[in-house]
Each structure stands twice: as C-alpha cells, then as structure tokens.
Amino acid sequence: MQVGSFGPVIFEVTDKKVFTPDSRSRTNTSNWATHDRIEGKSRSQYLSPGLTQVQYKVRIRADMGMRPQATIDLLHTLAQSRQVYPLFMGGVPQAVNPFKLKECQEDDSLRLPTGELFSCEATLSFEEYT
C-alpha cells in the first residue's frame, strides 16, 4: 500500500517491502519587514507567507525489501538536481505547490563484510517551490 510519494520515490508498505518515514516535521513561516523609526520602536510589516518546509527521517534496510545503495543514490541525486515534484503523504499534498528535495543527509550506515550497504538512515529536507 502506497502511503506517500515524491516523484520517483514511493513511500510504501507491502508484505515484501517497508519504506515509510519514521518521523515527520512540518514548518510554516511568514516573511516580515522591520521599519526603523526615529525616537520610537521599530514597526513590523507583514509581507507574505513563507515557504513550507517538511522533514522526514527514513530507515532504508535490505531486510525490509529495499535496495539501500540504489535508494540512497537516488535520494542524493534528487537533492542535487533541479527536479521538483508534488509531495504526498496519506494521499494528501503537503502544500499547494510542488517541493524540491533540498538536502539528503545519510547517517549510521551498516555494511556487509562484502562492502555492500545493508542499512542506513536518511534525513530528507524538502522545501516548497514557487
């Protein structure tokens, strides 16, 4: 069952494969200007809504039906590309606009004696693209 997607990256749970975020955070901000005044406090002026940011932590493991090296290579490639895609989780878009994968941080790699990647954790940082 597909639980989410970002272009070619499919988050899913099946009887043979598990690839879902372990945790998720979402940040919305706004943009403000500050105008200095003579002999008075500065004044704030609302400018616009900020870009939505979403962060997922994922575990990529061979014993969960994944191909860790191919998956992490795809994620690093997407982070370095100019590709943007809608980001879905639970069938719901995470924002009106598409997202870019701004950063892919790989941690805690476990390799087999042959040197093949068995498991790793990655933090995926997405930012809304307008």
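E39 sits in the loop that links β5 (30-37) to β6 (40-49). In this predicted model, E39 has a phi near 55 degrees, which is a positive value in a residue other than glycine. Elsewhere, there's an open sheet of five strands, a cluster of aromatic residues and a pocket of about 180 Å³, the largest one.

**The loop at E39**
- Most residues other than glycine have a negative phi.
- E39 goes the other way, with its positive phi near 55 degrees.
- Is E39 buried or exposed? Its relative accessibility is 82%, and anything over 50% counts as exposed, so E39 is exposed.

**The open sheet**
- Reading across the sheet, the strand order is β3-β2-β1-β8-β9, and the pairing is antiparallel.
- Which strands stand at the edges? They're β3 (18-19) and β9 (92-93); each has a single partner strand, so one side of each has no neighbour in the sheet.
- Strands of a sheet pair through backbone hydrogen bonds, either parallel or antiparallel.
- Look at β1 (residues 2-6) and β2 for one pairing: they run antiparallel to each other, joined over four bridges.
- To find that pairing on screen, start from F6, whose bridge partner in β2 is V9.

**The aromatic residues**
- How many aromatic pairs does the structure hold? There are six.
- Take Y56 and F126: their ring centres are 5.7 Å apart and the planes meet at 65 degrees, so this pair is edge-to-face.
- Y56 belongs to strand β7 (residues 53-61) and F126 to strand β11 (residues 117-128), so the pair ties together parts 70 residues apart in sequence.
- Both Y56 and F126 are buried.
- Y56 and F126 also belong to one aromatic cluster, together with F6, F11, F19 and Y85.
- F6 turns up twice, then: as a member of that cluster and as the bridge partner of V9.

**The largest pocket**
- The space in the largest pocket comes to about 180 Å³.
- Its lining is made up of P8, V9, I10, E12, K17, F19, G65, M66, R67, A70, T71 and L74.
- Which elements give two or more residues to that lining? They're β2 (9-13) and α1 (68-79).
- By class, seven of the lining residues are nonpolar, two are polar and three are charged.
- Two names here will look familiar: V9 lines the pocket and bridges to F6, while F19 lines the pocket and is also part of the aromatic cluster.

Definitions and conventions
Residues are numbered from 1 along each chain as its sequence is written. This is a predicted model: local features need pLDDT of at least 70, side-chain atom pairs count only at pLDDT 80 or more; totals for chains, interfaces and linings use all residues. Side-chain values use heavy atoms; hydrogens and water are left out. Buried means under 20% relative accessible area, exposed over 50%, partly exposed in between (1.4 Å probe, protein chains only). On a 1 Å grid over the protein atoms alone, a cavity is a set of points where a 1.4 Å probe fits but cannot get out, and a pocket is an open set with protein on both sides within 12 Å along at least five of seven lines; lining residues have an atom within 4 Å of a point. Grid points are joined across faces, edges and corners, and a volume is the space filled by probe spheres set on the points. Ala, Val, Leu, Ile, Met, Phe, Trp, Tyr, Cys and Pro count as nonpolar, Asp, Glu, Lys and Arg as charged, and the others, Gly among them, as polar. Two strands pair if DSSP finds at least two bridges between them. Rings of Phe, Tyr and Trp (its six-membered ring) pair if their centres lie within 6.5 Å; planes under 30 degrees apart count as stacked, over 60 as edge-to-face and the rest as tilted.
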